[in-house]
Amino acid sequence: MSELLYLKLEKNIRTYNRTLTLGEAAQMKCADPKILNRLKTEKLYTFDHARRGKHTCAARTVLSILDVVEKIQAVYPSLEIQNLGEEDFVVEYSTKPEENKAAAIIKAALVCLICFFGSAFSIMAFNNDVSTTKLFSQFYTLLTGQASDGFTILELTYSLGLSVGIIAFFNHIGGRRLSKEPTPIEVEMRLYEDDVNTTLIRTADRNGGQKKGKEKEDE
């Protein structure tokens, strides 16, 4: 009775090594540890044409479960393989970026400023569009019989409600999460990455499959 090897492949795999091994590409389980140790070091793909230099370089290729099976069967022809993951997957190669704390702080500050002023502008535009100030003034006069001076309990509670709503929506207070649920930004980023990977895979299929040794380099 032949040994059974279980494979699990993710849709996107990132590596900092020019040579991608089976151990990096897939999660593997087998009753025989010798088979696992041998297969984990087996080369699956090599990025030969990625740029070298001081700047971060990146390259992508689309591979298939058939490429993985071919490499495994070249070593163990009689090994039974069962795939529990993706059938096609994207491999990204990039060099490790050098850490620059000053640049990271500046980028984070710019993002915070853009989000703050962009959100403030959107809220003000919405309030102006639906005449929130006029509505509050009429509502205050209806309840109290007095004219509003533009700063009443309605404006105060509305401002506090906006702040609480934004904090609850983004699920963060400073660096702390309010719950273990992913934030809306994290969800959107994962959806975007999944759409990009699906597009790359379908483009490779439409072009007749990924040719061996061919890479797509980012400028």
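This text goes through the largest pocket, a surface patch, the salt bridges and two single residues of a predicted model.

Rolling a probe the size of a water molecule over the atoms shows where empty space is left. In this model the largest pocket holds about 760 Å³ of space. Its lining is made up of 23 residues, and those nearest the centre are Cys115, Phe116, Ser119, Ile166 and Phe170. Four helices each give at least two residues to this lining: H4 (101–129), H5 (132–144), H6 (153–170) and H7 (184–206). By residue class, the lining consists of 13 nonpolar, eight polar and two charged residues.

Phe116, one of the residues nearest the pocket centre, also belongs to a nonpolar patch on the surface. The other members of this patch are Ile106, Leu110, Leu113, Ile114 and Phe117, and the six residues together have about 670 Å² of accessible area. Ile114 can serve as an example from the patch. This residue is part of helix H4. Its relative accessibility is 62%, and because the threshold for exposed is over 50%, Ile114 counts as exposed.

The next topic is charge pairing. The structure contains four salt bridges, among them the pair Asp194 and Lys11, whose closest N and O atoms are 3.3 Å apart. Asp194 belongs to helix H7, while Lys11 sits in the loop between strand S1 (4–9) and strand S2 (12–15), so this salt bridge ties together parts that are 183 residues apart in sequence. Asp194 has 34% relative accessibility and is therefore classed as partly exposed.

Another salt bridge joins Arg14 to Glu92, with 3.2 Å between the closest N and O atoms. Here the partners come from two strands, Arg14 from S2 and Glu92 from S8 (residues 88–94), so the pair links parts that are 78 residues apart in sequence. The two ends fall into separate accessibility classes: Arg14 is exposed, at a relative accessible area of 53%, whereas Glu92 is buried, at 17%.

A further salt bridge is formed by Arg190 and Glu193, and its closest N and O atoms are 3.1 Å apart. Both residues lie in helix H7, three residues apart, which is about one turn of the helix. Arg190 is partly exposed, with a relative accessible area of 47%, and Glu193 is partly exposed as well, with 36%.

Helix H7 thus supplies residues to the pocket lining and holds Asp194 as well as the pair Arg190 and Glu193. Asn197 also lies in this helix. What is the accessibility class of Asn197? At 6% relative accessibility, Asn197 counts as buried, because buried means under 20%. In sequence, Asn197 is 106 residues from Val91, yet the two C-alpha atoms are 9.6 Å apart in space.

The last point concerns the backbone. Most residues other than glycine have a negative phi. Ser131 is not a glycine, but its phi is positive, at about 55°. Where is Ser131 found? Ser131 is located in the loop between H4 and H5, two helices that each supply at least two residues of the pocket lining. With a relative accessible area of 35%, Ser131 is partly exposed.

Notes: Residues numbered from 1 in each chain as written. Predicted model: local features only at pLDDT ≥ 70, side-chain atom pairs only at ≥ 80, totals over all residues. Heavy atoms only, no water. 1 Å grid on protein atoms, 1.4 Å probe; cavity = no way out; pocket = protein on both sides within 12 Å on 5 of 7 lines; lining within 4 Å. Points joined across faces, edges and corners; volume = space filled by probe spheres on them. Nonpolar A, V, L, I, M, F, W, Y, C, P; charged D, E, K, R; others polar. Patch = residues over 30% accessible without salt bridge, like charges linked within 9 Å, V, L, I, M, F, W, Y side chains within 5 Å. Areas by Shrake-Rupley, 256 points an atom, 1.4 Å probe, with all protein chains shown as cover. Salt bridge = Lys/Arg side-chain N within 4 Å of Asp/Glu carboxyl O. Buried < 20%, exposed > 50% of the residue type's maximum accessible area, 1.4 Å probe, protein only.
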